[in-house]
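Please work through the exercises below with the sequence and the coordinates open side by side. Each one sets a task and then gives a solution in steps.

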Amino acid sequence: MAWDKDRLNGNANFDINRDAIARNEILLDLGAATQPLKLNVFEEDLEMRLRQKNLHDEVDVMEVCFKHGVMRKHASAVLKRLKQERVVDLDFTTPSVENLKQPRPVRYL
């Protein structure tokens, strides 16, 4: 049985205790328009890194996505908003793995 191997996480390939999920999110109303804390933490980190001019291209953006365990498309909302606010100038809103060899730059305004 999975729980015999690891009493805390079972046989999962992730540690739910480090996934930035708040205790009250266990009983989420799936019809609610709320966003899980994990995505909020990711968006805040991505925005902070961009405002501090720490990310240079779409590969850097992807690395932040992977660090937080979210899909690349989750970066779109932050990238679009910061582009509208004229913090960054980008040729992408979702980083693409097809551009790993020649990533598109993040230009700061």
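The exercises start with the overall fold and go on to helix packing, burial and salt bridges.

**Exercise 1. State how many helices and strands the protein chain has, and in which order they come along the sequence.**

Solution. The model is a predicted one, and every value below is computed from it. Counting the elements first, the secondary structure of the protein chain amounts to four helices and two strands. Reading these along the sequence then gives the pattern α-α-α-α-β-β. As for burial, the protein chain has 109 residues, of which 31% are buried. Finally, if one takes the contacts with a separation of 6 or more, 42% of them are between residues 24 or more positions apart.

**Exercise 2. Determine how the axes of helix 2 and helix 3 are oriented to each other, and list the residues that meet.**

Solution. Begin with the axes: those of helix 2 (residues 37-51) and helix 3 (residues 58-68) come within 10 Å and cross at roughly 150 degrees. Angles over 145 degrees count as roughly antiparallel, and helix 2 and helix 3 are therefore roughly antiparallel to each other. The handedness comes next, and the crossing of helix 2 and helix 3 is right-handed. In the last step, the residues are listed: helix 2 brings Lys38, Val41, Phe42, Asp45, Leu46 and Arg49, which meet Val61, Val64, Cys65, Lys67 and His68 of helix 3. Sorted by class, this contact of helix 2 with helix 3 has six nonpolar residues, one polar residue and four charged residues.

**Exercise 3. Carry out the analysis of Exercise 2 for helix 2 and helix 4.**

Solution. The axes of helix 2 and helix 4 come within 9 Å, and they cross at roughly 35 degrees. The crossing in which helix 2 passes helix 4 is right-handed. On the side of helix 2 the contact is made by Glu43, Leu46, Glu47, Leu50 and Arg51, and on the side of helix 4 by Ala77, Val78, Leu79, Arg81 and Leu82. Divided by class, the residues of this contact of helix 2 with helix 4 are six nonpolar, no polar and four charged.

**Exercise 4. Decide whether helix 3 is largely enclosed, and find what covers its buried residues.**

Solution. Eight of the eleven residues of helix 3 are buried, so helix 3 is largely enclosed by the rest of the structure. The buried residues are Glu58, Val59, Asp60, Val61, Met62, Val64, Cys65 and His68. What covers these buried residues of helix 3 includes helix 2 and helix 4.

**Exercise 5. Describe the surroundings of Ser76.**

Solution. Ser76 is found in helix 4 (residues 76-84), and with a relative accessible area of 11% Ser76 is buried. Once its neighbours within four places in sequence are left aside, Ser76 is in contact with Thr93 and Thr94.

**Exercise 6. Trace the salt bridges of Asp45 and give the accessibility of each partner.**

Solution. Side chains of opposite charge can pair when their charged atoms come close. The structure holds nine salt bridges, and one of them pairs Asp45 with Arg49, whose closest N and O atoms are 3.0 Å apart. Because Asp45 and Arg49 are four residues apart in helix 2, about one helical turn separates them. Asp45 also forms a salt bridge with Lys67, with the closest N and O atoms 3.5 Å apart. This second pair links distant parts of the chain, since Asp45 lies in helix 2 and Lys67 in helix 3, 22 residues apart. To complete the picture, Asp45 is buried at a relative accessible area of 11%, Arg49 is partly exposed at 23%, and Lys67 is exposed at 55%.

**Exercise 7. Identify which parts of the chain are linked by the salt bridge of Glu58 and Arg104, and which residues form a network of salt bridges.**

Solution. The side chains of Glu58 and Arg104 meet in a salt bridge of 2.9 Å, N to O. The pair links distant parts of the chain, with Glu58 in helix 3 and Arg104 in the loop between strand 1 (88-89) and strand 2 (107-108), 46 residues apart. Glu58 is buried, its relative accessible area being 0%, whereas Arg104, at 24% relative accessibility, counts as partly exposed. The network, in turn, links Glu47, Arg51, Arg81 and Glu85 through salt bridges.

Note on methods:
Residues numbered from 1 in each chain as written. Predicted model: local features only at pLDDT ≥ 70, side-chain atom pairs only at ≥ 80, totals over all residues. Heavy atoms only, no water. Axes fitted to C-alpha atoms, helices over the stretch in contact; angles between N-to-C directions. Parallel < 35°, antiparallel > 145°, perpendicular 65-115°, else oblique. Left-handed = near helix turned anticlockwise from the far one by under 90°. Contact = heavy atoms within 4.5 Å. Nonpolar A, V, L, I, M, F, W, Y, C, P; charged D, E, K, R; others polar. Salt bridge = Lys/Arg side-chain N within 4 Å of Asp/Glu carboxyl O. Buried < 20%, exposed > 50% of the residue type's maximum accessible area, 1.4 Å probe, protein only.
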